[in-house]
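Welcome, and take a moment to look over the chain before reading on. The notes below are meant as a friendly first tour.

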Amino acid sequence: MSETSLAEHDLAALVDDWIDWAEAARRLEVSVGKVRTMIRTHELAAAVPVPGEGQKIPALFIDEEERLPVKGLPGLLTVLHDGRYDDRECIAWLFLDQALPGRPIDALRENRGSEVKRRAQAMAL
């Protein structure tokens, strides 16, 4: 991993596509209140990608076919939060190239979440 701490990464540069809570609610076919609850319970993660904007969610966190968070994401977020990482750090970690090969978010989306979770567990210790 790089010398830059996870909290210092520029999320706007790491994540190409952000959606607001209303769009997340539309894609998940739930209310905005439910999206807020999903963020609070670590089923999803949100951060402010650009100062002055509101919190947003990376679009890749949602499996639009299933209308659910990407398989494995809620468990992974819980592991990272248990390790004292905040949403901003979780998002940075998921979008950095971790030699899995590739980014952890891509591995989750390709149903290769076991290695991602193993690395998160080791990191959270």
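What follows is a short walk through the core, an aromatic pair, two helix contacts and one histidine. Please keep in mind that this is a predicted model.

## The nonpolar core

A good place to begin is the largest nonpolar core, which has 42 residues. Within this core, the members that touch the most others are Val35, Leu44, Ile57, Phe61, Ile91, Trp93 and Leu94.

Many elements feed into this core. At least two residues come from each of H1, strand E1 (18-19), helix H2 (21-28), helix H3 (32-40), H4, helix H5 (87-95), helix H6 (104-109) and H7. The biggest giver is H5, with six residues.

## One aromatic pair

How many aromatic pairs does the structure hold? There is one. The ring centres of Phe61 and Phe95 lie 5.9 Å apart and the ring planes meet at 35°, so this pair counts as tilted.

The two partners come from distant parts of the chain, 34 residues apart. Phe61 sits in the loop between strand E2 (57-58) and strand E3 (62-63), while Phe95 belongs to helix H5. Phe61 and Phe95 are both buried.

## Where H2 meets H3

Next, look at H2 and H3, whose axes are 8 Å apart and pack at an angle of about 100°. Angles of 65 to 115 degrees count as roughly perpendicular, and H2 and H3 are therefore roughly perpendicular to each other.

On the H2 side, the contact is made by Trp21, Ala22, Ala24, Ala25 and Leu28. H3 answers with Val32, Val35, Arg36, Met38 and Ile39. Sorted by class, this contact of H2 with H3 has nine nonpolar residues, no polar ones and one charged.

## Where H4 meets H7

A second helix contact joins helix H4 (residues 73-82) and helix H7 (residues 113-124), whose axes come within 8 Å and cross at roughly 10°. H4 and H7 are therefore roughly parallel to each other.

From H4, the residues involved are Leu76, Val79 and Leu80. They meet Val116, Lys117, Ala120, Gln121, Met123 and Ala124 in H7. The residues of this contact of H4 with H7 divide into seven nonpolar, one polar and one charged.

## A histidine before H1

Finally, find His9, which lies in the segment before helix H1 (11-14). Is His9 buried or exposed? Its relative accessibility is 13%, and buried means under 20%, so His9 counts as buried.

For a sense of distance, compare His9 with Lys56: 47 residues separate them in sequence, and they are 16 Å apart in space, C-alpha to C-alpha.

Methods. Residues are numbered from 1 along each chain as its sequence is written. This is a predicted model: local features need pLDDT of at least 70, side-chain atom pairs count only at pLDDT 80 or more; totals for chains, interfaces and linings use all residues. Side-chain values use heavy atoms; hydrogens and water are left out. Axes are lines fitted to C-alpha atoms, for helices over the stretch in contact, and angles run from 0 to 180 degrees between N-to-C directions. Helices (H or I, at least four residues) and strands (E, at least two) are DSSP runs, numbered from the N terminus. Angles under 35 degrees count as roughly parallel, over 145 as roughly antiparallel, 65 to 115 as roughly perpendicular and the rest as oblique. Contact means heavy atoms within 4.5 Å. Ala, Val, Leu, Ile, Met, Phe, Trp, Tyr, Cys and Pro count as nonpolar, Asp, Glu, Lys and Arg as charged, and the others, Gly among them, as polar. Buried means under 20% relative accessible area, exposed over 50%, partly exposed in between (1.4 Å probe, protein chains only). A nonpolar core is a set of buried Ala, Val, Leu, Ile, Met, Phe, Trp, Tyr and Cys residues joined through side-chain atoms within 4.5 Å. Rings of Phe, Tyr and Trp (its six-membered ring) pair if their centres lie within 6.5 Å; planes under 30 degrees apart count as stacked, over 60 as edge-to-face and the rest as tilted.
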